[in-house]
Every structure is written in structure tokens, then in C-alpha cells.
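User: I'd like to go through this model piece by piece. Can we take it as a string of short questions and answers?

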Amino acid sequence: MNIDLRRLLFYLLLLLFLMPNRVEAQLLGSGKPTIEEPAKTPEDSLGRRTPQGTVNGFIKALGDQNYLRASQYFVLSKRSYRKSAQRIRIAKTFQQLLDQGGNFSPSSIISNKESGKTDDDLQAGEDIVGNITDGKTNLQIYVENQSDDNEPALWLFSAETVESIALTDLSGEKTFLDRVLPAALIERKLGNVPIGHWAVVVVMTVVSYLLSRLLIFIIAFIIQKLWKKAATEEGQAIIDAFTLPVHLYLTVILFVALTKNMGISIVVRQRFSIIILTIGIVAFLILLWRMTDFVSGYTRSRMNSRGRISAVSAILFLSRTTKAAIVFIGIIALLGIIGVDVTAGIAALGIGGIALALGAQKTIENFVGSVSLIADQPLRVGDYCRVDEIKGTVEAIGMRSTTLRTSARTIVTIPNGQLSASKIENYAHRDRFIFNPIFNFRMETTPDQMRYLLVELKSLLYSHPAILNSPPIVRFTGITADALKVEVTAYIEAVTFEISQEVQEDILLRMMDIIENSGTSLAYPSQTLYMARDTSLSDEKKVAVSETVKNWKENNELQLPQFDPKRIEELKNSIKYPGDGSFKSKEEE
């Protein structure tokens, strides 16, 4: 315990010595902080520091029917516009134009920064916040920052916008609702909005929903008539995935169009803009979610039909990851719509994501490795292969690792990240098996005996039905210190490695018969001391072989250095394999 206290005191003293002079001065009270907090921007009583605040404040003033306060959001360039009566007239005309065929952008889309939008094509300090479109007027609504660079921002509706509104004469004109609704529903108000407008909004919501449902039915009917695959399972799944999102989109579009053209108050429509935008985003997220389900289900069924079971787990993982991303993006978007600043949250999540990625680096590496294994398919379940120095049969390919069963019946687990970077030799997909024995014959072997061996060995390979048609190679390749070297190269056609071993065994036995008949034999290694009495070579066989080679030469039938193509055709499949006396299954009989 005393040692810990000493260490603590030592570290505290060291920290005091190493601290900057500024902090030291603060501790002593002899200096002031060198870093001062920036002066906070004074608040504007009308909320005109940002484009969003200007629009919201203007809408609130219209809802309160306080037209003088609403006029304080205008740039009044002419002296005549600054009179109270003119200011009230311009504000009322602006509201009437908005009610008849105008709209503001949803509040969450309008910039909430003092600098406004900086990523558009407009000049700095100028933003578009809406438009007015009816039979007489087609006007973009601009707001401008009226302050200098060193002063707090003050966003007002531009002089050009106010000028266009002031020159508009709407005397005697009424909206569709004002002409249709009874006076009682217009005079009585709820939230400073006529009750009739609220009632029409409810009615239009129901009408928009029913109309969109009718349109969806008609569209689906036309698709089923024109699209041949609409009746299939995949076609029906695609239609189902699009039905609900498109239904929501059509409802929103119809609601906006109907309420705008009927003259619903801008105060009501602006309040509903957030709900409309939210429904649009939710519809898009639902579409992404359903398309993810469709693609995942379709891909899994294809993988199952092809027997690629290992790919199913990867597809499920990717599907769940995509859905998690959809939920995350949806939450961020919805929080942004309701006015929550998600910048700090996104930055924190980004830092957390980096930390998580660094901590799960190996896991991510193994997942990427499994995806590459599934895509490239260098090996499959059941394949016999070699990975670096490990040989075995693939038993499973998982999301993290792959397991091999070796010939010793042990299980070797290899992480997929390491496996994807390793040298993989797959024996399962060989179309042929190489047959490459090397024979060393005794030094006493005569040239005629060697010629006999070369011809008969090659004849054997041409004759055997399991040897591919590609010309086999049998060559006298060298004379060593203790033997005559003959190298054989051919390819065995077999379905499996076990069958190739059976064919190789048969050919080697037949080659031993040829060597025996030639009168020579294989050489013993020179470093081996052979104590038994050496059996002399057969003179009779030597003479017989010499006579055979002599006849070949006299008849121009010596098949060296090349074989006669006619002779090759005579030899093909002339050997009976398996030979007489071998066991035969019922299928072979």
C-alpha cells in the first residue's frame, strides 16, 4: 500500500512539472486563459437568424393573423411599402397566394444554419424556400441574408419576391373552399384555421387513400395481364414488395395535389408537411426492407438448388446487416425531419464504428474471406485438397472458418481470412491423373533389349483403354553411374483418385511382365550392398529379344523414335481391362 502511495505522489509531481505554463499560471491565479470562448450570437426575437427560422416565424405570424409581425420578415425596398396598411396588404396577399397554389418546402429541408445552404447554385446568402404556382403567378420564393459578414445573420424574404407579391391584385378572388364551404365553417376556427379546412383535410386523407388503392388495383391488374411472370412465385413476390410502398407514395402525392388545388390554408399544409415527408421516407424504407427479403429469399433458393449450402449462411448474414443499416438510416432520417441535430450522433457512431472495426478486424477479415471463398469457389464441401502443407477433405465452410478432415481422421480448422490468402490445390476436380514412373535398368541391358522395352512399354500405354488418347511418352533419358534411366509420362482417365490408383496398379504389373520378358531387370541402388549370388541374365531371352528387334528392323517395323499411326490404331483398346480372373461387379458384367 505504501509503495502505491509513493508511486501516486511521484506521478502527481511529475505531472505538475510537465504541465504547460498556461495551466500553471491558472493554478497560481497569475494569468488569464489564452483561449477565449467565441461570443455567442444574440438571439433574434422573431427567429430570423436562419432560413428555417424565418419561414417558421412567418407561418406562425400568419396563423396568429398578426400581419404586421408577418411583414417584419420582408425586405421592403420601397418607401410606400413601409406603411402599416401596405405591409398588412402585402402579408395578406402573400398568404392568399400560398393558399391558392403555393407552398413552402418542408421545415426540415430548409436550412437551419446562419450561412444557409452552401451546396446549391445560388449566390451566398440566398436560398429558395418555396414557390407559388397558379393560373396567373409563377414565382420562386427567395430569402436573403441582409446582414454584413461581421454581423449576425438576418434572413428576410427577398425584395424581388416581395415586389412580385405586392404587384399582384387578388381583390375579389376566393379559393375553392371559401366558395364552397358554409360561412359557419369558415368563421369558426381551430388553431387560427377555419374548422372547414380541418374537416376537408380529414376527408381528403380518406379520399386519397381510397383513390390510391383503386389505382394500385388497376396497375396490378394491368401488370398481371402484360407481364408473363406475374403469376409465378418470384413475380408475385416482387409485386407484393412494391404494393405497400407505392400505395403510400400515391396516397401522399394525391393528398398534396388535392389539398394544394382546393385552397387549404398554408398554415395547415405546412404543419402536415413533416408528416407527409415522414410517410415518404417510411415508404422508401419499407420498399428497401421488402426488396432485401425478396433478394435474400430468391438467392437462398438458388443456392439450395445448386447445393451451395455454405453460401446460405453468408446470404443470411448480409441480409441481416442490410436490414440493420436500413433501420439505422431510417432513424437518422426521421430524427433529422423532426429537427433533431444528428451530426454529433453520427460523428460519435462513426468513431465507435472505427473502434469496433479495429477490435473486430480478424472477424471482418474472416467474413470477407468467406465471401471470397463462396464467390470464387476454389473448394467445395467434399473436395479433397491441400492447403499449404495440410491435406484433407473439406467438411464444412462456415462464416468464420473452414474445417478439413485429414487422412489421419483429425479435424483441422482454418480461419477463412487465412484460407483465402493461402495456396489451395484442389484434387477433386482433376480431369486426368498423371502416370509418371521412372525405371532404372541394369547396366548389362543391351541396346536391343532397351529398344524392345521402349517399344513394348509404349505399346502397352497405347493399348490400355484407361490411358488418354494424348500420345504417351516413353523415353530413354540417361545413363547414370549405376543404371540406365527410362522415364514414362502418360495420363490416366478416371473419375476418382481411387480408380486412378487401380489403373496405375494394373499398368505397373503389366510393365513388370514386359521387363521380365525382355531378359533384363531393374537395377539395384549402387549404395546398397547386395550379398546374395547374382543371378546371371537369361541368355535365351536375350537371344530371343535380339531376334525380335532384328525382325523389326528388317521389316521396317521398329517403332522408334516414333510409332506408326496405323500401329497405334491397331493397339488402341486391345488390352482387356480388368484382365481375366479379376473380380467384376454385376454392373460391369
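User: Which strands form the open four-stranded sheet, and in what order?
Analyst: Keep in mind that this is a predicted model. The sheet is open and its pairing is antiparallel. Going from strand to strand, the twist averages 25 degrees. The order is β1-β2-β3-β4.

User: Which strands stand at the edges of that sheet?
Analyst: An edge strand here has a single partner strand, so one side of it is left without a neighbour in the sheet. That description fits residues 102-104 and residues 155-157. The edge strands are β1 and β4.

User: How many bridges join β2 to β3?
Analyst: Strand β2 covers residues 126-133 and strand β3 covers residues 138-145, and the two run antiparallel. One pair to look at is Gly-130 with its bridge partner Ile-141 in β3. The number of bridges joining β2 to β3 is seven.

User: Which helix lies across β1, β2, β3 and β4?
Analyst: Look for the helix at residues 51-63, running at about 50 degrees to β4. Helix α6 (residues 159-166) packs on the sheet too, but what α6 touches is β3 and β4, and its direction makes about 140 degrees with that of β3. The helix lying across β1, β2, β3 and β4 is α3.

User: Is strand β9 largely enclosed by the rest of the structure or left open?
Analyst: Buried means under 20% relative accessible area. Four of the five residues of β9 (residues 401-405) are buried, so the strand is largely enclosed.

User: What are the pairing partners of β9?
Analyst: Strand β8 (residues 390-397) pairs with β9 in the antiparallel sense over four bridges, and Ile-397 stands opposite Thr-402 there. Strand β10 (residues 411-415) also pairs with β9 in the antiparallel sense, over five bridges, with Thr-403 opposite Thr-413. The partners are β8 and β10.

User: Which residue in the turn between β9 and β10 has a positive phi?
Analyst: β9 and β10 form a hairpin, with five residues between them. In that turn, phi is about 65 degrees at Arg-409.

User: Are α16 and α17 roughly parallel or antiparallel?
Analyst: The axes of α16 (residues 447-463) and α17 (residues 497-518) come within 10 Å and cross at roughly 155 degrees. Angles over 145 degrees count as roughly antiparallel. α16 passes α17 in a right-handed crossing. The two helices are therefore roughly antiparallel.

User: How many nonpolar residues are in the contact of α16 with α17?
Analyst: On the α16 side, the contact residues include Leu-453, Leu-457 and Leu-460, and on the α17 side they include Ile-507, Met-511 and Ile-514. The contact also has three polar and two charged residues. The nonpolar count is nine.

User: Which peptide bond is cis, in the loop between α18 and α19?
Analyst: Most peptide bonds are trans. Pro-561 lies in the loop between α18 (539-554) and α19 (565-571). With omega near 0 degrees, the cis bond runs from Leu-560 to Pro-561.

User: Is Asn-573 buried or exposed?
Analyst: Asn-573 is found in the segment after α19, and its phi is near 55 degrees, a positive value in a residue other than glycine. Asp-388, in the loop between β7 (384-387) and β8, also has a phi near 55 degrees, and Asp-388 is partly exposed with a relative accessible area of 39%. Over 50% counts as exposed. At 56%, Asn-573 is exposed.

Conventions. Residues are numbered from 1 along each chain as its sequence is written. This is a predicted model: local features need pLDDT of at least 70, side-chain atom pairs count only at pLDDT 80 or more; totals for chains, interfaces and linings use all residues. Side-chain values use heavy atoms; hydrogens and water are left out. Axes are lines fitted to C-alpha atoms, for helices over the stretch in contact, and angles run from 0 to 180 degrees between N-to-C directions. Angles under 35 degrees count as roughly parallel, over 145 as roughly antiparallel, 65 to 115 as roughly perpendicular and the rest as oblique. A crossing is left-handed if the near helix is turned anticlockwise from the far one by less than a right angle, and right-handed if clockwise. Contact means heavy atoms within 4.5 Å. Ala, Val, Leu, Ile, Met, Phe, Trp, Tyr, Cys and Pro count as nonpolar, Asp, Glu, Lys and Arg as charged, and the others, Gly among them, as polar. Two strands pair if DSSP finds at least two bridges between them. Buried means under 20% relative accessible area, exposed over 50%, partly exposed in between (1.4 Å probe, protein chains only).
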